[in-house]
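Let's take a walk through this structure together. We'll begin at one spot in the chain, then step back for the whole, and finish with some charged pairs.

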Amino acid sequence: MSKNATKSDNEAPQVLAAKDVKKEKEYDFFKVVQGYLDKAADVLALEPFVRTILSQPKNELIINFPVKMDSGEVRLFKGYRVQHNNLLGPFKGGMRYHPSVTLDDVKALASMMTWKSALMRLPYGGGKGGIKFDPKAVSSGELQRITRRFTHALGENIGPDYDIPAPDVGTNSQTMAWMMDTYANMVGSSAKQSVKGVVTGKPVASGGTLGRTKATAQGLVYCVIEWAKENNFELEGKTMTVQGFGNVGSYTALILAKLGVSTVAVGDHTGYLYNPEGFNAHKLQEHVAKNGSIQGYPGGKPITREEFFKTKSDIFAPCALENQIGEEEARVLDCKLIAEGANGPTTPEGEKILLDKGIVILPDVLANSGGVTVSYYEWVQNKRSESWTEEEVDAKLEKAMKRAYKEVADFARSKKTDLRVAAYALALSRIESVYKEREIFP
Ligand code: NAD
């Protein structure tokens with residue numbers, strides 16, 4: 001725990017039985033991501049000055065802010081915004097509300113946004129933020145006050161052409177509506193209409209885009225389809241296991257179900273369920289929307305985390321948090337493909353075992369980049385005062401994901417490297433070429 005820990009830092013609820021919680025070994029997420037950067041930089045023989053600049057974020061902001069709770073008590077919350085790089089465009093990345101949020105994790109996630117934006121050829125850099133608390137443990141009114149107070153405290157550190165937040169773990173379109181409204185009220189009446197693009201992932205009526213809610217999962221599925229085509233892998237009739245049944249996990253299960261892939265095991269922060277007949281993803285999603293978790297869903301048999309990872313399936317979609325597939329999990333995983341909906345779910349040690357076993361990993365930086373891609377479509381619509389149809393959004397996303405998958409797969413083949421290093425290297429090479437053209441000020 002940090003020296004500056006507040007009361008809120010200590011309030012992470014223990015929902016899972018100890019056996020079902022991933023053992024918290026020392027895990028330095030930022031160091032892990034930097035390790036991938038170094039590997040990719042070596043493959044590219046990246047200009048040393050570019051590696052130096054990208055090795056740390058440009059700005060790291062920590063804000064302790066007070067909020068009056070329903071009880072009248074004043075609690076102090078710790079919020080973060082890390083702005084990794086804005087060479088290619090405004091900082092861009094989600095806001096995470098979770099008890100485990102730390103500065104180092106946010107730094108890792110912010111840098112990954114830089115690679116994702118560059119890989120997807122978006123005019124964005126990378127950023128990430130969050131607040132260290134459990135959003136499920138506060139009332140809706142408290143959640144709104146926490147969000148508004150944090151947005152106010154961020155002030156000019158965010159903006160539609162400077163730094164653009166979006167949803168991530170523990171936040172959603174409602175959170176974005178509150179952030180946008182707070183920001184709009186800070187800029188004065190004449191600018192109100194022009195700042196809708198300060199956040200993406202808004203509700204459609206408030207300036208969001210159709211297709212954004214499912215975008216990350218949709219992009220993941222487009223990637224899986226491309227891999228399946230390339231490998232003569234018939235998706236119809238295959239099975240899947242999904243860890244995390246929030247935004248990304250639930251839509252992944254739902255969209256793949258339409259292609260004939262049945263989800264046989266699921267898990268979230270409350271536990272794991274097994275159903276060899278396949279879950280009804282739609283009903284399970286409704287259950288989660290109503291109850292906040294998969295707990296109590298009648299259509300599955302409770303299993304342990306260990307049993308979940310041992311469940312045989314064709315595709316495993318980790319869609320929860322980082323550091324979930326370590327050595328132990330990698331050894332028992334029995335699948336052909338891992339499609340990383342989550343950011344950083346596989347540890348380097350786990351990855352080595354998986355690759356040695358011949359399991360293909362569609363890496364986060366590529367596989368879950370559909371979210372930021374459709375966020376970009378939302379931002380463009382806001383700038384142009386346009387509303388695109390869901391078909392238009394999906395068609396553009398499909399094209400973008402197909403191209404990115406092909407580029408990454410081709411690069412991996414030509415350089416005899418894995419898909420993760422290939423994705424990082426492609427992103428880095430795009431950033432490097434701009435640094436070489438523009439050089440360093442002054
Ligand atoms: P979410 O809050 O909607 O869902 C998170 C899910 O993870 C929930 O089902 C939760 O119960 C589960 N979870 C939390 N702690 C867990 C634990 N210890 N064990 C098992 N499950 C646990 O969040 P989301 O938006 O779906 O994000 C999930 C992942 O996808 C994150 O890594 C996020 O960074 C990544 N991602 C999200 C987006 C997006 O557009 N939302 C885009 C790109 C990447």
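Start with Gln34 and look at what surrounds it: leaving aside residues up to four places away in sequence, Gln34 touches Leu54, Ser55 and Ser111. You'll find Gln34 in helix α1, which covers residues 29-44. Is Gln34 buried or exposed? Its relative accessible area is 11%, so Gln34 is buried, the cut-off for that being under 20%. For a sense of distance, try Leu87: it sits 53 residues from Gln34 along the chain, and the C-alpha atoms of the two are separated by 19 Å.

Now hop over to Glu286, in helix α8 (residues 281-291). Glu286 counts as partly exposed because its relative accessibility is 47%. Pro318 is 32 residues away from Glu286 along the chain, with 20 Å between their C-alpha atoms.

Time to step back and take in the whole thing, keeping in mind that this is a predicted model. The protein chain has 15 helices and twelve strands. Measured out along the principal axes, its C-alpha atoms fill a box of roughly 55 × 55 × 45 Å. How does the radius of gyration fit with a compact globule, and what is its value? For 442 residues, such a globule would come out near 22 Å, and the protein chain has 21 Å, so the two agree.

What share of the 442 residues counts as buried? The figure is 57%. The accessible surface of the protein chain adds up to about 18,800 Å², and carbon and sulfur atoms account for 51% of that. Contacts tell you something about the fold too: if you take those between residues at least 6 apart in sequence, 69% of them join residues at least 24 apart.

Next, the charges. The protein chain carries 57 positive and 54 negative ones, and their mean positions are 2 Å apart. Side chains of opposite charge can pair when their charged atoms come close. How many salt bridges does the structure hold? There are 31, and a few are worth a visit.

One of them joins Glu226 and Lys229, whose closest N and O atoms are 3.1 Å apart. Both residues belong to helix α6 (residues 215-230), where they are three residues apart, or about one turn of the helix. Glu226 counts as buried because its relative accessibility is 14%.

For a pair that reaches across the sequence, go to Glu340 and Arg420, which form a salt bridge with the closest N and O atoms 2.9 Å apart. Glu340 is in the loop between β11 (337-339) and α11 (348-356), while Arg420 is in helix α15 (residues 419-438), so this pair ties together parts that are 80 residues apart in sequence. Both Glu340 and Arg420 are buried.

Arg420 also has a salt bridge with Asp364, at 3.3 Å from N to O. Asp364 lies in helix α12 (residues 364-367) and Arg420 in helix α15, so here the parts tied together are 56 residues apart in sequence. Why do these two count as buried? Arg420 does because its relative accessibility is 3%, and Asp364 because its value is 2%. Elsewhere on the tour, Arg96, Lys128, Asp168 and Glu322 are joined into one network by salt bridges that share partners.

Terms used:
Residues are numbered from 1 along each chain as its sequence is written. This is a predicted model: local features need pLDDT of at least 70, side-chain atom pairs count only at pLDDT 80 or more; totals for chains, interfaces and linings use all residues. Side-chain values use heavy atoms; hydrogens and water are left out. A salt bridge is a side-chain nitrogen of Lys or Arg within 4 Å of a carboxyl oxygen of Asp or Glu. Helices (H or I, at least four residues) and strands (E, at least two) are DSSP runs, numbered from the N terminus. Buried means under 20% relative accessible area, exposed over 50%, partly exposed in between (1.4 Å probe, protein chains only). The radius of gyration is taken over C-alpha atoms; the globule rule is 2.2 Å times the number of residues to the power 0.38. Contact means heavy atoms within 4.5 Å. Accessible areas come from the Shrake-Rupley method with a 1.4 Å probe; for residues, only the protein chains shown count as cover. Lys and Arg count as positive and Asp and Glu as negative; His and the chain ends are not counted. The place of a charge is taken as NZ of Lys, CZ of Arg, CG of Asp or CD of Glu.
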